[in-house]
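Trainee: I am new to this entry and would like to go through it with you. May I put some short questions as we look at it?
Mentor: Certainly; please bring it up and begin wherever you like.
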Amino acid sequence: MNSKKLTVSVSPHIRSLDTTSGIMLDVIIALIPALIASVYIFGIRALLVTIVAVTSCVLAESISRKVMKREDTISDLSAVVTGILLAYNLPSTIPLWMVIFGSVVAIVVVKQMFGGIGQNFVNPALAARIILMSSFPGAMSGSAFTNPVVKDITITSASPLAIIKNGEFDSLPTLKEMFFGLTSGCLGEVCAAALILGGVYLVIRKVISPVIPVVYISTVALLMLIAFKGDIHMVAYEILGGGLILGAIFMATDYTTTPITFKGKIVFAIGCGLITSVIRLFGSLPEGVSFSIILMNIFVPHIENLTTPKPFGAEKKPKNKEKEEVAKA
Amino acid sequence: MAEKKSLRQELTKGFIIENPVLRLVLGTCPTLAVSTSVENALGMGIAATIVLICSNVAISALRKVIPSKVRIPCFVVVIAAFVSLVQMFVKAFAPALDESLGIFLPLIVVNCIILGRAEAFASKNSVIPSAIDGLGMGIGFTFALALMAAIREFFGAGALTIKVLGKGFSIDITEQLAAIGLEPILIFILAPGGFFVFGMLIALANKIAENNGKPKATLNGCEGCPMASACAVKISDEEASAQ
């Protein structure tokens, strides 16, 4: 008998080196350029809001896991990502207790009450943003957006999308200002350049697939092109303004709440683009990215059911018949 | 009824263990709509309680006369009569309440709690237990409504108005809150906040009932229903999960 020990184990025998914390760390790295940009644009207050959001998210996760007598999951860094994303969706002037309230809503209500990481049915940061928007409309919109970088004077101005909504096209910032984020808006959404940098990093590291961001933004661009009767200039404002790029790269690509099939991703992204455009063009709010992603999040199980790929060699008909029989029974 | 309960039990079961809103999940629509202020909640609760007691008594007294095939229309006619009476009284003596309750006052006619008690209890029991059941369920409804309204009003508007027919007291702490940089969380007054508070209170009532040895309310079959003993329809677990 050979004395060499052979390990007998069940499959899988080859494991990927990807871990949850590794992927989350990549997302955090991708978010850092936008953080630097927001601190430059909005001042130290932006950093403070981000730190408060991250700390309260991590604490909320730790405490709620302890209360529910489940293992502590803060080391997977997902709470840190939620905290950063939540902060990026808030104006820099927001009172800090609202940031803490939003973090608790995101982690406890949206994530842990549904079972923790991988179980939430919508994106926690976006759900918290929407709850904050409907709870504190004053602190979350309009005059809450300031832009203190311009010669040490705090300038309060409407966000570019609100300006478009009101039809005051003359007071729009230039497209170059829009691209580098020298406009008013939420912390993380203003600097398109930093966000695209982070997005490219994530695509290169294969953390996200570029399908959803590209299809999402193209859908909005196409619909805006039709709405503004071919005015490319306005289309550029619509893409760079608001949370479209932040949402498309970092929130519409969340693993838990978006489809895993290729076709499903396309359907999801087109749906997001459609709802965003409809809200921006016809809704009472200037911005619709958060609502569109949340609404499409809810459709994800159905999208995945309809786009399940056919296994090689499998016949389609019997499966449908089986389904019908089940439905009839 | 599978088991005979004492009158005291008939009264107290509606408070929490068989609370119509939190355990039987009946009358959800007026609960969510009216629980934005304690004043409205109390008005609604008292109006519904009066209708509930009167209709339970009338239906119980008539239970041997009403043919079972047309019992539901008969119940509705009896309930509608009492609702019309209550509505006239409210219009005459508390016009402000009538205005703020709006359509939900006449809609007591089709309130599931009242129809449900008529069907599940009054049509099978004698007059005195039915009156007691109506009172207990009414108190349970009013209590659940007022508790929900108190939470929603306090967090959502920063105020608490406990008034019945214009008498009572009110607290408004919005200014004190503003002084320390806080403001009311508006979403509690809106529909999503209503659903959230509702869900939390259902969980709490479930926990209390469980501690008292009652089954946890679940979606699987009749076993999970607090009304199982009084209900004529039986659905097995398989049928329930197939639905």
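Trainee: Leaving aside its neighbours within four places in sequence, which residues is Q112(A) in contact with?
Mentor: Please keep in mind that this is a predicted model. Beyond those neighbours, Q112(A) is in contact with E61(A), S64(A), R65(A), M68(A), R70(A), T73(A) and I107(A).

Trainee: Where is the place of Q112(A)?
Mentor: Q112(A) sits in the loop between α4 and α5 (124–135) of chain A.

Trainee: And is Q112(A) buried or exposed?
Mentor: Q112(A) is buried, and its relative accessible area is 0%. A residue counts as buried when that value is under 20%.

Trainee: I also noticed N89(A). Where does N89(A) lie?
Mentor: N89(A) belongs to the loop between α3 and α4 of chain A. Its relative accessibility is 4%, so N89(A) counts as buried.

Trainee: What is N89(A) in contact with, leaving aside its neighbours within four places in sequence?
Mentor: The contacts of N89(A) are L126(A), R129(A), M140(A), C186(A), L246(A) and M251(A). In addition, the C-alpha atoms of N89(A) and A128(A) are separated by 9.4 Å, and these two residues are 39 residues apart along the chain.

Trainee: That loop has a helix on each side. At what angle do α3(A) and α4(A) cross?
Mentor: Helix α3 (residues 78–88) of chain A and helix α4 (residues 96–111) of chain A cross at roughly 135°, and their axes come within 10 Å. The two helices, α3(A) and α4(A), are therefore oblique. Their crossing is right-handed.

Trainee: Which residues meet there, from α3(A) and from α4(A)?
Mentor: From α3(A) there are S78(A), A79(A), T82(A) and L86(A), which meet V99(A), G102(A), S103(A), A106(A), I107(A) and K111(A) of α4(A). By class, this contact of α3(A) with α4(A) has 5 nonpolar, 4 polar and 1 charged residues.

Trainee: Let us move further along the chain. How do α10(A) and α12(A) cross?
Mentor: Helix α10 (residues 211–227) of chain A and helix α12 (residues 244–251) of chain A cross at roughly 155°, with axes that come within 9 Å. This makes α10(A) roughly antiparallel to α12(A), because the angle is over 145 degrees. The contact is made by P213(A), Y216(A), I217(A) and V220(A) of α10(A), together with L244(A), I245(A), A248(A) and I249(A) of α12(A).

Trainee: How many nonpolar, polar and charged residues does the contact of α10(A) with α12(A) have?
Mentor: It has 8 nonpolar residues, with no polar and no charged ones.

Trainee: Now some backbone angles. What is phi of K206(A)?
Mentor: Phi of K206(A) is near 60°, which is a positive value in a residue other than glycine. Most residues other than glycine have a negative phi. K206(A) is in the loop between α9 (192–204) and α10 of chain A, and it counts as exposed at 72% relative accessibility.

Trainee: What about phi of K229(A)?
Mentor: K229(A) is not a glycine, yet its phi is positive, at about 50°. K229(A) is found in the loop between α10 and α11 (232–240) of chain A. At 77% relative accessibility, K229(A) also counts as exposed.

Trainee: Let us turn to chain B. How many helices and strands are there in chain B?
Mentor: Chain B has 10 helices and 2 strands. Along the sequence, they follow the pattern α-α-α-α-α-α-α-β-β-α-α-α. Of its 243 residues, 42% count as buried.

Trainee: Why is helix α6 of chain B described as largely enclosed by the rest of the structure?
Mentor: In helix α6 (residues 112–122) of chain B, 8 of the 11 residues are buried, so α6(B) is largely enclosed. Those buried residues are I113(B), I114(B), G116(B), R117(B), A118(B), A120(B), F121(B) and A122(B). Their cover includes α1 (7–12), α3, α4 and α7 (127–157) of chain B.

Trainee: Two of those are α3(B) and α4(B). At what angle do α3(B) and α4(B) pack?
Mentor: Helix α3 (residues 38–62) of chain B and helix α4 (residues 71–93) of chain B pack at about 140°, with their axes 9 Å apart. They are therefore oblique to each other, and the crossing of α3(B) and α4(B) is right-handed. The contact of α3(B) with α4(B) has 12 nonpolar residues, 1 polar residue and no charged residues.

Conventions:
Residues are numbered from 1 along each chain as its sequence is written. Chains are lettered from A and ligands numbered from 1 in the order in which they are written. This is a predicted model: local features need pLDDT of at least 70, side-chain atom pairs count only at pLDDT 80 or more; totals for chains, interfaces and linings use all residues. Side-chain values use heavy atoms; hydrogens and water are left out. Axes are lines fitted to C-alpha atoms, for helices over the stretch in contact, and angles run from 0 to 180 degrees between N-to-C directions. Helices (H or I, at least four residues) and strands (E, at least two) are DSSP runs, numbered from the N terminus. Angles under 35 degrees count as roughly parallel, over 145 as roughly antiparallel, 65 to 115 as roughly perpendicular and the rest as oblique. A crossing is left-handed if the near helix is turned anticlockwise from the far one by less than a right angle, and right-handed if clockwise. Ala, Val, Leu, Ile, Met, Phe, Trp, Tyr, Cys and Pro count as nonpolar, Asp, Glu, Lys and Arg as charged, and the others, Gly among them, as polar. Buried means under 20% relative accessible area, exposed over 50%, partly exposed in between (1.4 Å probe, protein chains only). Contact means heavy atoms within 4.5 Å.
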